[in-house]
Amino acid sequence: MSRAPQTAPLLTLEAMAAGYNGRAILPPIDLQLHRGETLALIGRNGAGKSTLLRTLLGLQPPITGRIISAADLRVGYVPQRSEVMAEAPMRVQDWLLLATDEGRSFLQPFVSREARDRVAAAAERAHVTELLGHQVSQLSEGQRQRASLARALVSTPNLLLLDEPTSALDRVAEELVLSVVDEIRRGGDVGIILITHSLHVAGTHATRVLLVDKDDKVAETGSFEEVSAGANFRRLYGLSHAAVADCGGH
Amino acid sequence: MAQPVSDFFAAWELFRDPALAGAVSGLLLGWVGVYVALRRMVFLSAAMTQTAGLGVMLAQWAAATFALTGLLASPTLWAVAFSGGAAAALAGSERLRIGRDQLLGGLYLMGAAGAILVGSKVAIDAHDVETVLFGSAVAVAPEDFQRLLTTAVLLLCLHLWLRRGFIAVSFDAEGAAARGLPVGVLKVVLLATIALAVSVATRTIGALPVFAFSTLPALAASRLCPSLGTTLPVAALLGAAAGFGGYLAAFVWELPVGASQTAVALSLWACAELVRLALRR
């Protein structure tokens, strides 16, 4: 897996501690994320991954330290599950078009040509062009997550935050979605933060991992091999070397 | 014994305002009903129509008891205040720490029982109470029709203009907030317009057909249309058809108007379901 190009970082965390109600739940994190990188955020259930994600999304402030964003930062977010009400008739194309409005642009009477072009480009990038005419409610989970990925790409982001995008998918659908994520990363202009429970996904699709645990006050970053060789990883996951190798560590 | 349809159009001057009031109400409520029905807020509409009905009855009671006149005695204003209050309570249900379903049920029952109780204390006969609750009025006062028409034109223009914002906050509120849309303002405006539409229409044609028009045309249109962009106008047209067709059917078969309009709306929904099933095969 190639290393990220050394350009100005998209995100810099300087001794940033995430938490809520004024109380840090994770130790301070120092981290830089560059374009062309996939950082897998791993940890057990309730380890503080979602709190960290909410902080990175700007939905809650860091308790200590700071987050420095690139001046041109544009964030795309793919939720764990994309809820579209089954009764609402909505084609994938319309679902993507809905994501083109930002700020007050909905006041314009018509969707611009440029917005439609962005939708077409995002659909092509996420390999859902053939699904544009389908009803969202009739997509399989895997197709829906790829469409959700396209939706995040509509705003031409350079930072993608993916919240366990494959947790509801079977292995085949998971690989299809992650191959699209890999393709986006290889494009070199997007940095990706991927929350995952799967060590296999972290081991095979991330350039770096960030292991967190609020109970043991762990926030450790490095390559998958480095982190998985550490005592914290062994204690939290209780895996043998052989099992870690099966995860695809490299 | 059925009346010939030609008799209806022969007496068009007489039936024009109530028949068109049904059509205009259906048009307006069909459109706004898409947000109600497809967001699974059907009982929001039920609660709002019933509280609007209570507002109408209370206006009459207050006018008689306190000799109120002018705006203070306006049934439409009271209906707007009550349904708006219901909408505000629902919007703030989390702050009130009351479950949304429980609040809807409470508001519905308060409106329905309250209108009957207040009606029993007002110097009007039971038929007038039925008119408010079930829309059994054969005639509509010209000023009520004018008010309905003006409200419908203004609200439909506003909905046409803000439709992308309303769709975004109704079906993708989290994403809309992340993209910087003014979600709170749009939600308040949407609820306020639904409350206004429901109130003015309830005052004019009664609670039962208003509830029917704000749910059934949207459900029917959603079965026939591929997108929300087409569902909105088709629901409005189906609502207008139910309003006018229901009034015509009431004339032909001598039926209560509100129930007849509701039955036509139900038939359109059933037809849409059948068409969808046929297309699936």
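Let me start in the loop of chain A that runs between helix α3, residues 113-125, and helix α4, residues 141-153, because that is where His127(A) is found. Please keep in mind throughout that what we are looking at is a predicted model. The backbone angle phi of His127(A) is near 55°, which is a positive value in a residue that is not glycine. Is the side of the chain at His127(A) buried, exposed or partly exposed? With a relative accessibility of 35%, His127(A) counts as partly exposed, because that class covers everything between the buried limit of 20% and the exposed limit of 50%.

If you now follow the chain past α4, you come to the loop between α4 and strand β8, residues 159-163, and in that loop of chain A you will find Thr156(A). Here too phi is positive in a residue other than glycine, with a value near 40° for Thr156(A). Thr156(A) has a relative accessibility of 39%, and so Thr156(A) is again placed in the partly exposed class.

Let me turn from these loops to a sheet in chain A. Three strands form an open sheet in the order β4-β1-β6, and their pairing is antiparallel. Strands β4, residues 29-33, and β6, residues 64-69, are at the edges, and because each of them has a single partner strand, one side of each is left with no neighbour in the sheet. Going from one strand to the next, the twist averages 10°. If you look at strand β1, residues 11-17 of chain A, you can see that four bridges join it to β4(A), with the two strands running antiparallel. As one example to find on the screen, Leu11(A) has Leu33(A) as its bridge partner in β4(A). Lying across β1, β4 and β6 is helix α1, residues 49-56 of chain A, which runs at about 125° to β1(A).

Now let us step back and consider chain A as a whole, which has nine helices and 11 strands. Its radius of gyration is 18 Å, close to the 18 Å that the globule rule gives for 250 residues, and so chain A is as compact as a globular protein of that length. Along the principal axes, the C-alpha atoms of chain A fill a box of roughly 55 × 35 × 35 Å. How much of chain A counts as buried? Of its 250 residues, 52% do. If we take the contacts in chain A between residues at least 6 apart in sequence, 72% of them join residues that are at least 24 apart. The accessible surface of chain A comes to about 10800 Å², and carbon and sulfur atoms account for 51% of that.

Next comes the contact between the two chains, to which chain A and chain B bring 25 residues each. Together they bury about 2100 Å², with 55% of that area on carbon and sulfur atoms. Which three residues supply more of the area that chain B buries against chain A than any other three? They are Arg40(B), Arg164(B) and Arg179(B), which supply 31% of it.

I will finish inside chain B, with helix α13, residues 216-224, which is mostly covered, since seven of its nine residues are buried. Among these buried residues are Leu216(B), Pro217(B) and Leu219(B). The buried residues of α13(B) pack against four helices of chain B, namely α2 (12-38), α12 (207-213), α14 (228-253) and α15 (257-280).

Technical notes
Residues are numbered from 1 along each chain as its sequence is written. Chains are lettered from A and ligands numbered from 1 in the order in which they are written. This is a predicted model: local features need pLDDT of at least 70, side-chain atom pairs count only at pLDDT 80 or more; totals for chains, interfaces and linings use all residues. Side-chain values use heavy atoms; hydrogens and water are left out. Two strands pair if DSSP finds at least two bridges between them. Axes are lines fitted to C-alpha atoms, for helices over the stretch in contact, and angles run from 0 to 180 degrees between N-to-C directions. Contact means heavy atoms within 4.5 Å. The radius of gyration is taken over C-alpha atoms; the globule rule is 2.2 Å times the number of residues to the power 0.38. Buried means under 20% relative accessible area, exposed over 50%, partly exposed in between (1.4 Å probe, protein chains only). Accessible areas come from the Shrake-Rupley method with a 1.4 Å probe; for residues, only the protein chains shown count as cover. Buried area is the accessible area (1.4 Å probe) that two parts lose on being put together, summed over both.
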